[in-house]
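Please open the model in a viewer and keep the sequence at hand. The tour proceeds from the surface to the fold and then to a single loop residue.

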Amino acid sequence: MSESPHEFLNPEGWKPAQGYANAVVSRPGTTIWLGGLVGWDEQQVWHSDDFIEQTDRILGAIVALLAEAGAGPEHLTRMTWFVVDKQEYMSRLRDLGAVYRKHLGRHYPAMALVQVVALVEDRARLEIEATAVVPDAGPAAGEGGR
């Protein structure tokens, strides 16, 4: 997995974010918006009601969709996680971290976690939507610093 082409903002005096970024700067490029993905397979068949197994499928789908656009996890700029049970999320953080790193490495875009009453798919324990930006080629692409 290559280094992120984006700049992660952490103002002086702010405690660094852990497992996410507070803000991400992307240079001009191609933006990829991923719709809300749930933990079923490519044929929309459910294999598990387990939170971590569904997360594993969703993150794998994110990587596959990014690859389809010529991008990778390092191009992710934001993710929104919708969970039906915040306690389930919090109690599985160790397992969640392992499955996250399996697919996305140590790239942590700007993220939000929202607990919802329900999701459209009844078996879904979570849904994730994401945005990625693939910088344009050229001298400014991939440069950080602001």
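Display the molecular surface: the accessible surface of the protein comes to about 8,400 Å², and 50% of that area belongs to carbon and sulfur atoms. Such areas come from the Shrake-Rupley method with a 1.4 Å probe, with only the protein chains shown counting as cover for residues. This is a predicted model, in which local features need pLDDT of at least 70 and side-chain atom pairs count only at pLDDT 80 or more, while totals for chains, interfaces and linings use all residues. Side-chain values use heavy atoms, without hydrogens and water, and residues are numbered from 1 along each chain as its sequence is written.

Next, colour by secondary structure. The protein contains three helices and six strands, arranged along the sequence as β-β-β-α-β-α-α-β-β. These are DSSP runs numbered from the N terminus: helices are H or I of at least four residues, strands E of at least two.

Now show the C-alpha trace, which spans about 45 × 35 × 25 Å along the principal axes of the protein. Of the 146 residues, 39% count as buried, that is, under 20% relative accessible area, whereas exposed means over 50% and partly exposed lies in between (1.4 Å probe, protein chains only).

Finally, select Glu42, in the loop between β3 (29–37) and α1 (51–68). Is Glu42 buried or exposed? Glu42 counts as exposed because its relative accessibility is 73%. Add Asp56 to the selection: Glu42 and Asp56 are 14 residues apart in sequence, and their C-alpha atoms are 13 Å apart in space.
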